[in-house]
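Colleague: Could you take me through one part of this model up close? I'm new to this, so please explain the terms as you go.

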Amino acid sequence: MEAPLLHLALVGTPNSGKTSLFNALTGSRQKVANYPGVTVERKEGSFVTPLGRQVSVVDLPGTYSLRGRSPDEEITRDFVLGRAAGEAKPDLVLCVADSTNLRLTIRLLLELKNTGRPLMLVLNMFDIATRRGVTVDVAGLSEALGVPVVTSIAVRKGGTADLLRRTDEIAAQAPAPLAPNVWEPLTVAQLRATQREADRIITSTVSLPARPDSWTSRIDAVVLHPVAGIAILAAILFVMFQAVFAWAQPLMELLSSGFDGLGRLVHDLLPAGLLQSFLENGVISGVGSVVVFLPQIIIIFLFILLLEDFGYMARAAFMMDRIMGGAGLHGRAFIPLLSSFACAIPGIMSTRVIDNRRDRLTTILIAPLMTCSARIPVYTLIISAFIPDQQVWSLVNLRGLVMFGLYAAGITSALAVSFLIKFFMWRDYAPAPFMLELPDYKMPRVRSIAIGIYTRARMFLQRAGTTIFAMMVLIWFLASFPAAPAGAEGPAINYSLAAMIGKALEPILAPLGFNWQIAVALIPGMAAREVAVAALGTVYAIEGGKEAAEQIGQVLATKWSLATALSLLAWYIFAPQCASTLAVIRRETGSTGWMAITFAYMLALAYAASWATYTVAIAFGAG
Amino acid sequence: MTETNDARSQLPLGLARRGYSGVIHHLSPADAGSALSPSELESRLIELGFVEGARVEVLHEGIVGRDPIAVRVENVTIAVRRREAMAIIVA
């Protein structure tokens, strides 16, 4: 008879190395979804033990206690207690500890014992602890706690062997009669007593080095220095954005010529007609022009994941707390806002680390102003077409500088909006406390970075393959039908549905310097910002033939004035051009009203900024 | 009164400067003026390891107004704003 599926749950404090253990156990066999009704990420994976037992493991959100102060922490509590809707009670709860830092985890474990679930303590990062001179009496600790204790080195091959072996042993045992669940929220006095008990157990079984990690102290002396620290933070952000531009270029050209080749192949193989036009102009050049931005998205996430794994993100939050506080933001908002540079959706979802509702709402409202990676295709296209590729002071690339300026404009306006929200809406309100652990620095691991990038790249490609593909087909349809009447003058697209919609919108957008082709591209751009590039490609490719699609930028440079290009850049800093972001805002705030407010204020800002840019540019003779 | 070596005067951690090290004497969450209720603030401080008898050292100060502070509590480093640190009375 096959052994039944074993359900494991990983519980631990933030920074306990829970996620690297999860990655080590499951590799790429991971499924990321949401818990029903809430937008807390549910990470489940599976593996097979050495004895061949199938195990499913859920990585629960990090928490310091079972009190459930935030939606994430409530999930962890309900899951462990078996109260979570539609979830199996875990057969075994793995309480994951950073071996160099046991105090807080042992207290959590003592609280977990009250739930009556079978428990095992995993002393993770045991190698680092040993190197720092931490010695743990594992048997003694196990006896004092009354639960099995194993050591693990999640980041090393074979480092989880002990854990796997013990899991097999526990699974093979006849299920012990479960202890009753006597957990209830701890009072302050009980919490204090539990921490004392944890400290007593640690004193008797663990010997700690007298000095903190010397590398962490040395790095922090520089990184948290009032002057050097800010300089380093600015330098990191600057390098990140230059890298997105410079490093990605060769790969993007490779992808781009690949899609061009594919397009030519289809062009040569198929007879001229509707099918050829659909595949070549609709599918290949449309989807290709979006997929081409994969290298840039990978680079952005590479930086974010590296900084997160290294331990720098918490330091950035520490430095930014008061500066952000001046704009009415919480220090913890820094990480969600930085994630919003990649995409506002994960950014908005990660605002759950902010437990005060008003702080969280402010962060959600301004997150879409952070320049997400979907804007990069639009920015890149316009900058390459209109900004000369030259060096400024023989140091900085002018195009990179403009890009930096666009990011800076997004950040500045986000801070300004946040300040206004605080001033007008929540004037009488004291900020929620900023309390954050600054973990010791750790060398980021290639494997966990790779898994992180892979997951995100897959999400992007899925979007390119579904939403964006569907939009491309729609655009191609709108741009191709109805066909031009026989003997008509001018390009066929001038007679299509797309032209009708674009021309209907043109009077509204004319003060911004937008022509009807731009108006056409903005409509599907609502599905995802980057679609606008592909849409422009399609609109101009169909109008000008295949040669145009190969050089969208060059075509734009001949069709648009500099003022129009700058105006469109300004539009894209602010415009609420992303239906999925709006959907996530509605879900996270639980209110259509907040979604409508976000949409309205961003649209108003976009219109105003574009109008101002266009007017000023015309005044300077850029028309 | 003058301070002697064996009986250091008590002070809220929120007033301590960089380099200060001492031991937590007690928590006094009602005096902190935090946005949190006293019992919630006390719970959170304990969950981050701020309990009586724990050794603390102020490692770093923020850039604006020397706020927040990074405090070594036993072997963990916690960033906390001075306002909340006022609840931690050290000696």
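Modeller: Sure, here is a walk from one residue out to the contact between the chains, and then to a pair of helices. This is a predicted model, where local features need pLDDT of at least 70 and side-chain atom pairs count only at pLDDT 80 or more, while totals for chains, interfaces and linings use all residues. Residues are numbered from 1 along each chain as its sequence is written, and chains are lettered from A and ligands numbered from 1 in the order in which they are written.

Let's start with A:Phe318, which is found in helix H13 (residues 312–326) of chain A. Helices (H or I, at least four residues) and strands (E, at least two) are DSSP runs, numbered from the N terminus. Is A:Phe318 buried or exposed? It counts as buried, because A:Phe318 has 27 C-beta neighbours inside 10 Å. (Buried takes 20 or more other C-beta atoms within 10 Å of the residue's own, exposed 12 or fewer, and partly exposed is in between; C-beta atoms are placed from the backbone.)

What does A:Phe318 touch? Leaving out residues up to four places away in sequence, A:Phe318 touches A:Leu224, A:Gly331, A:Leu436 and A:Leu438, plus B:Gly62, B:Pro68, B:Ala70 and B:Ala79 from chain B. A contact here is two C-beta atoms, placed from the backbone, within 7 Å.

Now for the contact between the chains: it takes 31 residues from chain A and 31 residues from chain B. On the chain B side, helix H1 (38–47), strand S3 (55–61), strand S4 (69–73) and strand S5 (76–80) each supply at least two residues. The largest share of that side, 6 residues, comes from H1(B). The model scores ipTM 0.91 and pTM 0.78. As for chain B, its mean pLDDT is 88, and 91% of its residues reach 70 or more; pLDDT is the predictor's confidence in each residue, from 0 to 100.

Back in chain A, take helix H5 (residues 138–145) and helix H7 (residues 188–205): their axes come within 9 Å and cross at roughly 155°. Axes are lines fitted to C-alpha atoms, for helices over the stretch in contact, with angles from 0 to 180 degrees between N-to-C directions. That makes H5(A) roughly antiparallel to H7(A) (under 35 degrees is roughly parallel, over 145 roughly antiparallel, 65 to 115 roughly perpendicular and the rest oblique). Where they meet, A:Gly140, A:Leu141, A:Ala144 and A:Leu145 in H5(A) face A:Ile201, A:Ser204 and A:Thr205 in H7(A).
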